[in-house]
Structures are given as C-alpha cells and as structure tokens.
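Let's take a walk through this one together, a few helices and a loop at a time. Keep the viewer open as you read.

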Amino acid sequence: MAVTAAMVKELREKTGAGMLDCKKALTETNGDMQAAIDFLREKGIAKAAAKGDRIAAEGLTAVAVDGNKATLVEVNSETDFVAKNEKFQTLVSDVANAVLASGATTVEEALASEFVAGKTLETHIQEEASTIGEKISLRRIAILEKADDAVFGTYLHMGGRIGSVVIIDGTTDETVAKDVAMHVAAARPLYATRDEVSAEEADREKKVLTEQALNEGKPANIVEKMIAGRMNKYFEEICLVDQTFVKDADFKVGKYVESKGGRVNSFVRFEVGEGMEKREENFAEEVMNQLKK
C-alpha cells in the first residue's frame with residue numbers, strides 16, 4: 001500500500017514521532033495505522049508522545065562554539081527534576097553541538113538534520129525522551145556569526161536556566177566578552193543599541209510618558225524637556241550599551257567595552273520557559289494519581 005503524506009501526518013499527530021519515523025513505520029506495516037502505532041511504541045519512539053498534551057516548560061539552555069560560529073539552544077522538559085538529570089544535561093549539550101554542526105537556522109531544519117547516519121536529531125530527541133520518561137522538545141535556537149577580529153562571550157546561569165551569548169567587535173579579550181554575557185544574563189536587555197528600537201515602539205513609549213506628565217499637571221512648555229529625560233531613562237533600561245554595568249556601576253556597558261578597546265555588536269539571551277504557560281504542580285496529588293493507575 002502506498003504511504004501518503006496525509007497518513008504520515010495522521011500518524012505523527014497520534015504519536016508525536018518524527019516524520020521519517022512515521023513514514024518508515026507505515027511502510028513497514030503496509031499502511032496499517034494501528035500496526036504503525038504499535039511499531040513506534042515497540043521501538044520506544046511513541047512512548048513519550050502519549051504525554052503530548054503535557055507542558056514542557058522546564059529544561060536548560062546550552063551553548064556551542066566552533067570558530068566564528070556559535071549557537072544557543074533551549075531544550076525543554078516537563079519537570080525541573082529531569083532538568084537536573086545528567087542524562088538530560090548531556091542531551092542538551094549534544095543538541096547544541098548538533099545544531100551548530102548542521103548549519104540549520106530554524107528549529108525545523110535542526111530537527112530534520114542528520115544526528116548520526118540514518119537518524120535525525122528529532123528522532124534522537126524522541127528516543128531520549130522515551131528513556132527519560134518525559135516530554136522533551138527543542139524549543140528554539142539562535143545562530144551567531146562573528147568576524148575574525150571579534151570575540152564571543154558566553155555565560156550559563158544556574159547550570160543553564162539562563163543562557164547568553166554576546167559578540168564584541170574589535171577585541172579578542174574573552175574576559176571582557178564573558179563579563180558582558182554575565183551582565184546580559186542578569187540585566188535582561190531587550191536590544192543591543194537604541195538603533196534597534198523601532199520607531200513605532202519609541203513613539204508609543206513617548207506617547208505614554210507624555211500623557212503621564214500631563215496628568216501630573218506639569219506645564220505643557222516643560223513637558224517636552226521632561227519627556228527627553230524620561231526617554232533616555234527608558235533606553236537605559238532596555239538597551240544593553242546604555243545599561244549600568246553590573247560589575248562596575250561607574251560604567252555604562254557600552255563605555256566599559258570601549259574602555260577595553262571593543263564595541264558591542266549583538267547578543268542573544270534565552271531564559272528557560274519565558275513566555276510559556278507553566279503547570280501548577282501538586283506533588284501529593286501527582287503521587288496519588290500515579291498510585292491509582
């Protein structure tokens with residue numbers, strides 16, 4: 001029986017297994033959907049897929065660097081307990097190295113890339129998820145590339161709960177770059193410089209600040225001067241180069257880097273689970289539910 005794309009899609013939705021694994025299962029079972037599900041379960045590929053409706057909002061970030069290229073990845077698990085497991089930590093590190101080696105620029109490309117001969121990265125993650133016993137997913141990746149006269153700074157906080165990578169141009173001083181990466185992890189900048197803030201966002205903030213000043217009863221003729229000062233403060237909160245350096249309050253980050261002969265180019269910061277819904281855990285209830293099964 002010919003295996004169609006619709007059949008592969010259906011099997012993937014039912015099991016959570018990778019596309020190639022689903023196609024192989026359907027081919028091996030002559031298109032029998034239930035037999036294909038059983039085939040995947042026997043191989044351990046569909047075991048974790050039964051947890052597909054669970055929220056994987058814990059996990060770790062990891063960094064991989066090779067020459068002038070670096071990648072930052074976030075791999076999610078369901079529980080913080082698993083995130084502390086050595087097997088999971090090894091998986092996250094392997095994923096970062098595989099993503100960097102693959103040349104992928106999106107999660108979809110990374111998952112479809114070859115992890116080892118005959119096996120995709122997606123399949124490898126599914127197999128590890130089956131062994132670990134939790135839903136595990138590659139949530140996002142970032143790829144950075146620097147010039148020869150630039151340096152990467154990398155930092156993982158709390159074992160990888162927060163990961164950051166920065167590029168500092170005009171220097172090869174890794175200590176400076178790492179200090180800035182630590183600052184990024186701690187201070188949560190949204191942009192590297194003011195130039196990256198869209199005109200729309202800046203105008204919206206200016207409008208809000210103007211209304212605030214007018215509502216405070218400030219005279220209209222001095223509101224404009226007040227707004228200029230408040231906008232500067234706004235940029236100092238969200239732009240890396242304008243933030244007060246966490247390791248030396250006498251410096252803004254940009255000026256600190258310049259004092260070392262460099263210039264901030266760009267950065268990426270991932271914090272595990274940011275923007276995701278997290279389950280409210282009731283450990284006692286979870287144990288009782290397990291005992292009833």
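What follows goes through some helix packing, then a helix and a loop residue further along the chain. One thing to keep in mind from the start is that this is a predicted model.

Start with helix α1, residues 5-15, and helix α3, residues 33-42. Their axes sit 11 Å apart and the two helices pack at an angle of about 50°. An angle like that falls outside the ranges for roughly parallel, roughly antiparallel and roughly perpendicular, so α1 and α3 count as oblique to each other. As for handedness, α1 passes α3 in a right-handed crossing. On the α1 side, the residues making the contact are Met7, Glu10, Leu11, Lys14 and Thr15, and they meet Met33, Ala36, Ile37 and Leu40 of α3. Sort the residues of this contact by class and you get 6 nonpolar, 1 polar and 2 charged.

Now turn to helix α2, residues 19-28, which also packs on α3. Here the angle is about 120°, and the axes are 8 Å apart. Again the pair is oblique, and α2 too passes α3 in a right-handed crossing. From α2, the contact draws on Asp21, Cys22, Ala25, Leu26 and Glu28; from α3, it draws on Met33, Ala36, Phe39 and Leu40. By class, that makes 7 nonpolar and 2 charged residues, with no polar ones. If you're picking out α3 residues to highlight, Met33, Ala36 and Leu40 are listed in the contact with α1 and in the contact with α2.

Next, jump along the chain to helix α7, residues 121-132. Does its length fit its residue count, or not? At 1.5 Å a residue, its 12 residues should span 16 Å, and the end C-alpha atoms are indeed 16 Å apart, so the two agree. The helix is also largely enclosed by the rest of the structure, because 10 of its 12 residues are buried. Those buried residues are Leu121, Glu122, Thr123, His124, Ile125, Gln126, Glu128, Ala129, Ser130 and Ile132. Just past the end of α7 comes Gly133, with a positive phi of about 90°.

Last stop: Thr171, in the loop between β7 (162-169) and α8 (174-187). Is Thr171 buried or exposed? With a relative accessible area of 11%, Thr171 is buried. Leaving aside residues up to four places away in sequence, Thr171 touches Asp149, Ala150 and Val151, along with Lys260, Gly261 and Gly262.

Note on methods. Residues are numbered from 1 along each chain as its sequence is written. This is a predicted model: local features need pLDDT of at least 70, side-chain atom pairs count only at pLDDT 80 or more; totals for chains, interfaces and linings use all residues. Side-chain values use heavy atoms; hydrogens and water are left out. Helices (H or I, at least four residues) and strands (E, at least two) are DSSP runs, numbered from the N terminus. The expected span of a helix is 1.5 Å times one less than its number of residues. Buried means under 20% relative accessible area, exposed over 50%, partly exposed in between (1.4 Å probe, protein chains only). Axes are lines fitted to C-alpha atoms, for helices over the stretch in contact, and angles run from 0 to 180 degrees between N-to-C directions. Angles under 35 degrees count as roughly parallel, over 145 as roughly antiparallel, 65 to 115 as roughly perpendicular and the rest as oblique. A crossing is left-handed if the near helix is turned anticlockwise from the far one by less than a right angle, and right-handed if clockwise. Contact means heavy atoms within 4.5 Å. Ala, Val, Leu, Ile, Met, Phe, Trp, Tyr, Cys and Pro count as nonpolar, Asp, Glu, Lys and Arg as charged, and the others, Gly among them, as polar.
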